[in-house]
Amino acid sequence: MEFGFFAQGAVPAPLAEGNPGLEHQRLMESVEIAVRSEAWGFKYAWASEHHFLTEYSHMASPEVFAAFVAARTTTLHVGSAITNTTPAVNHPVRVAEQVATLDHLTEGRYEFGTGRGSSTTEMGGFGVTDWDSTRDMWAETLREFPKMWASSSYRHDGTYFSVPERNVVPKLYRKTPPPMWVAAGNPETFEIAAANGLGVLCFAFGPPAKSKIPAAAAAYKAAIGDCDPVTGYANDNILCVTNLVCCENRDDAFKLAASIGMSYYHSQVLRWLDTFPRPKGVPAWPELIPEPTPDEVERLAATGAIIAGDPDDCAKGVEIYRDLGIDQLVFSPLTTQMSLEDALASFELFGTEVIPRFDTDPVHRTARFRDAAES
């Protein structure tokens, strides 16, 4: 099992009060965690793409963040989680050019996460009023990217975008495309990912064993072996994002986790991501989901809803995800109001004490798939 860091560029209002520079501060803090995590055994740094979602995410350009981090690291894989590949938001040719450029600049360390956005606020800002149409937009672009990278004479005349005959440059640094992924919020997208040989990016809200993840992950693993891979090889990977609070003293971890506004962040999720169904009994913005007590955090950690406690507690939480078929667990400390100091301490302790129990392979799982396709 492998591990990573998730940068979302959250700028929560409780921290922004009296700090007009918080937006810059949180972006730079994300860079620092990503860069320093490499030395602690984390293999990946991911950055989301969102637009217009005040507080929730001010990370509009994951490719820029990835390049900035890659220039400061040597082995860390950097990726988009996700790049919005609907033509209304990002023209597919521009996306293909960016991915190829990053493949060169990182010398093969870039990972290409795709998706269609997760909010009508976002898509409406780009003139898309029919949310359901974005699935078809994404599907139309998916298999066009490898064609652009492979051919010196590319053209496309589709429903959502068209390109006259052109040579899209640069081409890739490697012979095969970088590992490709798709964001998945429901079992159907897991199935689509498996059919196309894509890795899956998903999020854990609540106990994972009681969510849709177990059935979706099992179906994905059963189907990925018979896929028709977009890239020519299957990226057999399920990645899940959650929170991490790791301290030497477990009680200190539970108290810290109860104080960083995890529920405030979940309230922001439901404030903006209106394509997700609102769970029964969950209040609507601006009413907030109550913050957990330390005792409630301890109970949540026992279910894997968050990874929290001392290193042994955290290892038990990781085991829950591993046993569900999750290949990569990714942590997003700065989506909450956690300080940079606490986030770095948590990552260092987890990397030193927990990661070696689960990840003993120095080679990235995605690199093994890509290397095998070129051998």
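This is a short chat about the fold, cores and hollows of a predicted model.

Student: Let's start broad. How many helices and strands are in the protein chain?

Tutor: The chain has 16 helices and 13 strands.

Student: And why is it called as compact as a globular protein of that length?

Tutor: Its radius of gyration is 20 Å, and the globule rule gives 21 Å for 375 residues. Those values are close, so the chain is as compact as a globular protein of that length.

Student: What does the C-alpha trace span along its principal axes?

Tutor: About 60 × 45 × 40 Å.

Student: What share of the residues count as buried?

Tutor: 55% of the 375 residues do.

Student: Now contacts. Take those with a separation of 6 or more. What part comes from residues 24 or more positions apart?

Tutor: Such residues account for 76% of them.

Student: On to the inside. Which residues have the most contacts within the largest nonpolar core?

Tutor: Phe 3, Val 245, Leu 329, Phe 331 and Phe 350. That core has 89 residues.

Student: What does Phe 3 touch, leaving out residues up to four places away in sequence?

Tutor: Several aromatic side chains are on the list, so to speak by name: Phe 42, Tyr 44, Phe 331, Phe 350 and Phe 358 are among its contacts. Phe 3 also touches Lys 43, Val 318, Gln 328, Leu 329, Ile 355 and Asp 359.

Student: What lies apart from the largest core?

Tutor: Another core, of 10 residues. Ala 81, Ile 82, Leu 239 and Val 330 are among them.

Student: New topic: hollows. How many cavities of 30 Å³ or more does a search of the whole structure find?

Tutor: It finds 1. The volume of this largest cavity is about 50 Å³.

Student: Which residues line the largest cavity?

Tutor: They include Ala 10, Pro 12, Glu 55 and Tyr 56. Further along the chain, the lining takes in Gly 261, Tyr 264, Tyr 265 and Gln 268. Thr 335, Thr 336 and Gln 337 line it too.

Student: How does that lining split by class?

Tutor: Into 5 nonpolar, 5 polar and 1 charged residues.

Student: What about pockets? What volume has the second largest pocket?

Tutor: About 160 Å³. Its lining has 13 residues. Nearest its centre are His 77, Gly 108, Val 363, His 364 and Ala 367.

Student: Which helix gives the most to that lining?

Tutor: Helix α16, residues 365–374, with 4 residues.

Student: And the classes there, nonpolar, polar and charged?

Tutor: The lining of the second largest pocket has 4 nonpolar, 6 polar and 3 charged residues.

Definitions and conventions:
Residues numbered from 1 in each chain as written. Predicted model: local features only at pLDDT ≥ 70, side-chain atom pairs only at ≥ 80, totals over all residues. Heavy atoms only, no water. 1 Å grid on protein atoms, 1.4 Å probe; cavity = no way out; pocket = protein on both sides within 12 Å on 5 of 7 lines; lining within 4 Å. Points joined across faces, edges and corners; volume = space filled by probe spheres on them. Nonpolar A, V, L, I, M, F, W, Y, C, P; charged D, E, K, R; others polar. Core = buried A, V, L, I, M, F, W, Y, C linked by side-chain atoms within 4.5 Å. Buried < 20%, exposed > 50% of the residue type's maximum accessible area, 1.4 Å probe, protein only. Contact = heavy atoms within 4.5 Å. Helix = DSSP H or I, 4+ residues; strand = E, 2+ residues; numbered from the N terminus. Rg over C-alpha atoms; globule rule 2.2 N^0.38 Å.
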